[in-house]
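Student: I've got a fresh model open and would like to talk through how it's put together. Can we start with the odd spots and then move on to the packing?

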Amino acid sequence: MFGEIGKQITRRLDLSQSTWHVSPLWKLESRQARASLLRVLAFAHREKLDVLPLVRHLGAEHRGAARRRLRRLERRLLQDTPLVEALEQTPDLLSDDDLLALRFGNQSGTLTATFDFLLERNAAQGQATRIKVIQGVVYGFCLALFTALALAFMM
């Protein structure tokens with residue numbers, strides 16, 4: 001019984017499939033691509049998985065410049081380059097601050113804590129961006145309302 005369930009789970013978690021699309025959106029911004037790469041790397045490190053198939057499938061998920069950068073990272077990983085060095089050799093894939101934190105975490109042996117810190121910081125930056133967007137929408141709505149009222153009084 002457990003053997004059959006284990007086979008089903010293994011088939012569902014098979015990462016060697018040729019396509020892997022999670023999001024219906026084709027064009028994602030670079031900040032979102034960086035955040036998803038950080039989440040994938042943190043997951044792979046935490047679960048002790050091979051990073052190469054995950055990066056390959058993440059590259060299939062994204063389009064444009066993010067896909068090209070992820071393909072370059074994939075090629076470097078295929079050449080058995082260590083992960084942090086491959087990330088450093090692939091420009092604009094992660095920010096310089098993130099790369100420095102990963103290099104330090106790798107050398108000091110605190111890579112799990114470093115990934116947790118980077119994911120937490122990324123979430124806080126995403127929340128701040130959402131707040132700015134909401135403030136912009138509210139400001140635009142208030143400005144349109146004030147303009148409509150001023151035009152109504154002028155008529």
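**Loops, helices and a core**

Tutor: Sure. D80 sits in the loop between helix 4 and helix 5. Keep in mind that this is a predicted model.

Student: What is phi of D80, and is D80 buried or exposed?

Tutor: Phi of D80 is near 60°, a positive value in a residue other than glycine. For the second part, exposed means over 50% relative accessible area. The relative accessible area of D80 is 68%, so D80 is exposed.

Student: Which loop holds D92, the residue with a positive phi of about 65°?

Tutor: D92 isn't a glycine either, yet its phi is positive, about 65°. Its place in the chain is the loop between helix 5 and helix 6.

Student: On to packing. Is helix 2 roughly parallel or roughly antiparallel to helix 7?

Tutor: Helix 2 covers residues 30-47 and helix 7 covers residues 111-154, and their axes come within 10 Å, crossing at roughly 155°. Angles over 145 degrees count as roughly antiparallel. So helix 2 is roughly antiparallel to helix 7.

Student: What hand does that crossing of helix 2 and helix 7 have, and what classes of residue make the contact?

Tutor: Among the residues that meet are L38, L41 and A42 in helix 2, with F115, L118 and L119 in helix 7. By class, the contact has eight nonpolar, five polar and four charged residues. As for the hand, the crossing of helix 2 and helix 7 is left-handed.

Student: And helix 6 with helix 7: what hand does that crossing have?

Tutor: Here the axes come within 8 Å and cross at roughly 160°, which means helix 6 is roughly antiparallel to helix 7. The contact includes A101 and L102 from helix 6, and L111 and F115 from helix 7. The crossing of helix 6 and helix 7 is right-handed.

Student: Which helix gives the largest share of the largest nonpolar core?

Tutor: That core has 24 residues, and L37, L73 and F115 are among those with the most contacts inside it. Helices 2 through 7 each give two or more residues. The largest share, six residues, comes from helix 2.

Student: Last one: which residues is L73 in contact with, leaving aside its neighbours within four places in sequence?

Tutor: L73 is one of the core residues with the most contacts inside the core. With those sequence neighbours left out, its contacts are L37, V55, A86, L87, T90 and L93.

Key
Residues are numbered from 1 along each chain as its sequence is written. This is a predicted model: local features need pLDDT of at least 70, side-chain atom pairs count only at pLDDT 80 or more; totals for chains, interfaces and linings use all residues. Side-chain values use heavy atoms; hydrogens and water are left out. Axes are lines fitted to C-alpha atoms, for helices over the stretch in contact, and angles run from 0 to 180 degrees between N-to-C directions. Helices (H or I, at least four residues) and strands (E, at least two) are DSSP runs, numbered from the N terminus. Angles under 35 degrees count as roughly parallel, over 145 as roughly antiparallel, 65 to 115 as roughly perpendicular and the rest as oblique. A crossing is left-handed if the near helix is turned anticlockwise from the far one by less than a right angle, and right-handed if clockwise. Contact means heavy atoms within 4.5 Å. Ala, Val, Leu, Ile, Met, Phe, Trp, Tyr, Cys and Pro count as nonpolar, Asp, Glu, Lys and Arg as charged, and the others, Gly among them, as polar. A nonpolar core is a set of buried Ala, Val, Leu, Ile, Met, Phe, Trp, Tyr and Cys residues joined through side-chain atoms within 4.5 Å. Buried means under 20% relative accessible area, exposed over 50%, partly exposed in between (1.4 Å probe, protein chains only).
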